[in-house]
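Good morning, colleagues. Please turn to the sequence and the structure, which I should like to discuss in two parts.

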Amino acid sequence: MTWLIEGAKGVCVAACDVGAFALASVRHIGYALRRHKLLFKQLHEVGNRSLLIVGVFGLFVGLILVLYGGDQLRRFGQEKYIGLTGLAIVWEFGPVFTAFILAGRIGSSYAAEIGTMRVSEEIDALHAMGIRPEAYLVTPRLLACALLLPVLVVYADFAALLGGAGMAWFYVHVAPREFFRLFFQYLEFQEMARSLAKSFIFGAIIATVGCFHGFRTTGGAEGVGRSTTASVVHGLLAVLVADYFISRILLVL
Amino acid sequence: MARKVLLGMLLLGALFVFGLATFYVENWQRYLGKGYRLRASFALVHALDEGDVVRMAGVEVGAVEDLRIDTEAPAERQVEATLRIKKDIKVRAEDKAIVKMSSVFGGNYIAIESGERTAAVLGDGDEMTNTAVAPSITEVAETARATLSEIKEGFDKAFEEIASVTKDLREGEGALALLLTDKEFGEKVRGAVDGLSKAAGRLEEGQGMLGKLVMDDQLAADLGTLTADAKELTANLKNVSKDLRDGKGTIGKLLTDEELYGQVKESMGTISDAAALFKEGKGALPMLLEDEKVAEDVRLLVADARKVSAKLTDTGGTLGKLLASDEAYERLMSALDDLGKTTAAIAEGRGTVGKLVMSDELYGQIAQLMQDIQGIVDAYREQSPVVTLGGALFGAF
């Protein structure tokens with residue numbers, strides 16, 4: 001029973017720390033915008049250097065979705081509706097899969113980088129120099145992730161739609177023109193806006209979780225490894241849980 | 001540490017409440033003030049559920065917010081639905097709310113059908129009184145099943161009757177079966193078909209009367225002329241018939257004048273009466289034929305007449321002188337000349353009698369004639385002894 005209480009206390013303390021950490025990071029947005037070089041560096045890291053992996057990932061997501069979707073639709077003789085898989089990409093697959101890529105690539109990177117700074121006492125040095133570590137390290141990363149994930153989602157959607165249209169053409173024998181006609185016929189701006197709003201929140205969650213685990217790193221290189229792993233696991237979990245609740249809210253707004 | 005635990009609990013509690021609230025997020029619009037509520041009562045709502053959409057002309061304009069059943073209310077209005085309608089959508093008092101099926105796979109929605117555009121616009125809390133429930137797929141299927149059962153019963157009966165007829169045919173019962181199974185009948189039919197075939201061949205070759213009629217152009221032309229003549233004749237007959245109907249001419253008047261008919265009928269009746277008297281032996285004539293006493297009287301009368309005629313021939317008496325005198329002869333000849341002239345005038349239609357015979361006024365004269373005939377017959381009945389005597393006198397000559 002004691003361990004349960006201690007565990008609950010630990011969860012509450014962690015929640016309090018995450019909340020305080022996120023709040024402190026958000027409070028320093030003005031500082032990050034003034035130090036735009038720090039922000040651009042993170043934007044380049046999150047955006048430019050993720051293009052290839054996000055593009056390839058999106059392409060294959062489109063291929064797989066149309067492959068399975070076409071196979072199922074063919075059983076009912078409704079292959080012409082294969083363009084509707086594009087809606088699934090916009091609604092869910094684009095934001096969630098791109099967030100997963102960023103959680104694996106950027107969240108882990110933040111946890112490892114900041115964790116290493118923590119174990120090597122560089123963060124303490126920043127304190128000593130009068131620089132607030134959250135403002136200097138976390139806020140630019142938070143902004144970069146939150147701002148660029150929607151952009152990357154659009155990019156991933158585009159790649160996935162290209163892959164889907166190609167697969168629909170060769171495998172399901174539905175011309176790309178028909179594929180995109182059906183897709184744009186049923187796509188609404190509200191759905192696209194929901195997708196981008198979700199992506200914005202996902203980016204903020206990934207950056208916060210990664211940086212938080214980096215800041216909490218203890219125990220040298222081994223601790224850095226644990227923080228990296230925890231940042232990815234917790235980041236993916238947080239994205240999925242947030243996806244459910246955000247979707248419920250956005251669907252009725 | 002304790003402070004951190006407390007803050008963490010607050011944060012987690014807030015997140016929990018937020019997460020829980022998302023399950024009721026459909027109702028948020030009510031609290032956010034978007035749209036307005038309407039009430040509508042139904043007898044039943046099938047599988048309609050809270051959150052199902054409300055459509056107007058196929059466009060989503062709201063949702064079902066609440067469903068309540070009131071067992072105390074009349075059966076046709078026992079389910080009360082609360083509808084959340086978007087604020088920019090106007091629902092009027094004449095509009096009709098209908099519970100409909102979304103698809104054959106299930107699901108329901110409420111369709112609002114527009115009524116009179118001039119009706120009052122309903123506001124928050126108002127009730128839609130014009131409601132209906134569309135039949136569910138189960139009811140439609142049940143109706144279809146009943147209909148199909150009736151059709152099947154009809155088919156079964158028909159098939160039974162067909163089977164019965166087929167059985168009778170197969171077993172050679174009934175006239176049709178005999179016709180079908182009788183070889184002699186078959187031979188006759190074959191012979192008839194052969195005959196028809198031959199006749200058709202002759203017809204095609206222009207042989208025989210009918211063949212010539214069909215194949216010979218000259219005959220066809222003659223037939224055409226004959227037809228034209230027949231048409232003309234028919235037209236003339238029609239005219240004659242019309243004249244007769246209109247009572248023109250003697251025959252026409254004879255046909256159409258009811259008075260004349262009455263007179264003829266009366267005369268015929270009188271003649272019939274006379275014949276009956278004759279048959280019954282009444283009057284002088286039958287008595288002359290049947291009564292020996294009367295016959296004896298007639299013989300005596302004839303003998304007396306002979307005596308009279310003998311006296312006439314010796315020119316001693318007055319009548320004898322008259323017969324033997326030239327003056328009397330010349331007067332007689334003159335009378336005969338007058339009679340010839342009169343007859344010629346009659347033939348030419350001149351004079352009274354001629355006109356009576358030849359003109360359209362014959363009708364009246366015939367009527368008069370019939371009256372005269374009737375008078376004569378009546379006189380005959382009354383003066384039959386005189387007639388008998390006259391007949392005897394003339395018979396003597």
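Let me begin with a definition: rings of Phe, Tyr and Trp, taking the six-membered ring of Trp, are counted as a pair if their centres lie within 6.5 Å. What we are viewing is a predicted model. In that model, Phe57(A), Phe93(A), Phe97(A) and Phe100(A) form one aromatic cluster. Over all chains, the count comes to 11 aromatic pairs.

I shall take one pair from that cluster, formed by Phe57(A) and Phe97(A): the ring centres are 5.6 Å apart and the planes meet at 40°, a tilted arrangement. Which helices does this pair link? Phe57(A) belongs to helix α4 of chain A, residues 51–75, and Phe97(A) to helix α5 of chain A, residues 85–119. The two residues are 40 apart, and the pair thus links distant parts of the chain. Are these rings buried or exposed? Phe57(A) is partly exposed, at a relative accessible area of 32%, and Phe97(A) is likewise partly exposed, at 27%.

A second pair is formed by Tyr244(A) and Phe245(A). Their ring centres are 5.0 Å apart, and the pair is edge-to-face because the planes stand at 75°, where the cut-off for that class is over 60 degrees. Tyr244(A) is partly exposed, with a relative accessible area of 36%; Phe245(A) is partly exposed as well, with 23%.

I now turn to the interface between the chains. Here 13 residues of chain A are in contact with 16 residues of chain B. Between them, the two chains bury about 1,400 Å², and carbon and sulfur atoms account for 79% of that area. Which three residues supply more of the area buried by chain A than any other three? They are Arg248(A), Ile249(A) and Val252(A), which supply 35% of what chain A buries against chain B.

As for charged and polar links, the count between chain A and chain B is one salt bridge. Lys4(B) forms a salt bridge with Asp17(A), with the closest N and O atoms 3.1 Å apart. The count of residue pairs in polar contact, both at pLDDT 80 or more, is also one.

Where on chain A does this surface come from? The elements giving two or more residues to the side that touches chain B are α1 (2–27) and α10 (220–252) of chain A. The largest share, eight residues, comes from α1(A). By class, that side of chain A has nine nonpolar, one polar and three charged residues.

Note on methods: Residues are numbered from 1 along each chain as its sequence is written. Chains are lettered from A and ligands numbered from 1 in the order in which they are written. This is a predicted model: local features need pLDDT of at least 70, side-chain atom pairs count only at pLDDT 80 or more; totals for chains, interfaces and linings use all residues. Side-chain values use heavy atoms; hydrogens and water are left out. Contact means heavy atoms within 4.5 Å. Buried area is the accessible area (1.4 Å probe) that two parts lose on being put together, summed over both. A salt bridge is a side-chain nitrogen of Lys or Arg within 4 Å of a carboxyl oxygen of Asp or Glu. A polar contact is a pair of N or O atoms within 3.5 Å; within protein, one must be able to donate a hydrogen and the other to accept it, and residues adjacent in sequence count only if both atoms are side-chain atoms. Helices (H or I, at least four residues) and strands (E, at least two) are DSSP runs, numbered from the N terminus. Ala, Val, Leu, Ile, Met, Phe, Trp, Tyr, Cys and Pro count as nonpolar, Asp, Glu, Lys and Arg as charged, and the others, Gly among them, as polar. Rings of Phe, Tyr and Trp (its six-membered ring) pair if their centres lie within 6.5 Å; planes under 30 degrees apart count as stacked, over 60 as edge-to-face and the rest as tilted. Buried means under 20% relative accessible area, exposed over 50%, partly exposed in between (1.4 Å probe, protein chains only).
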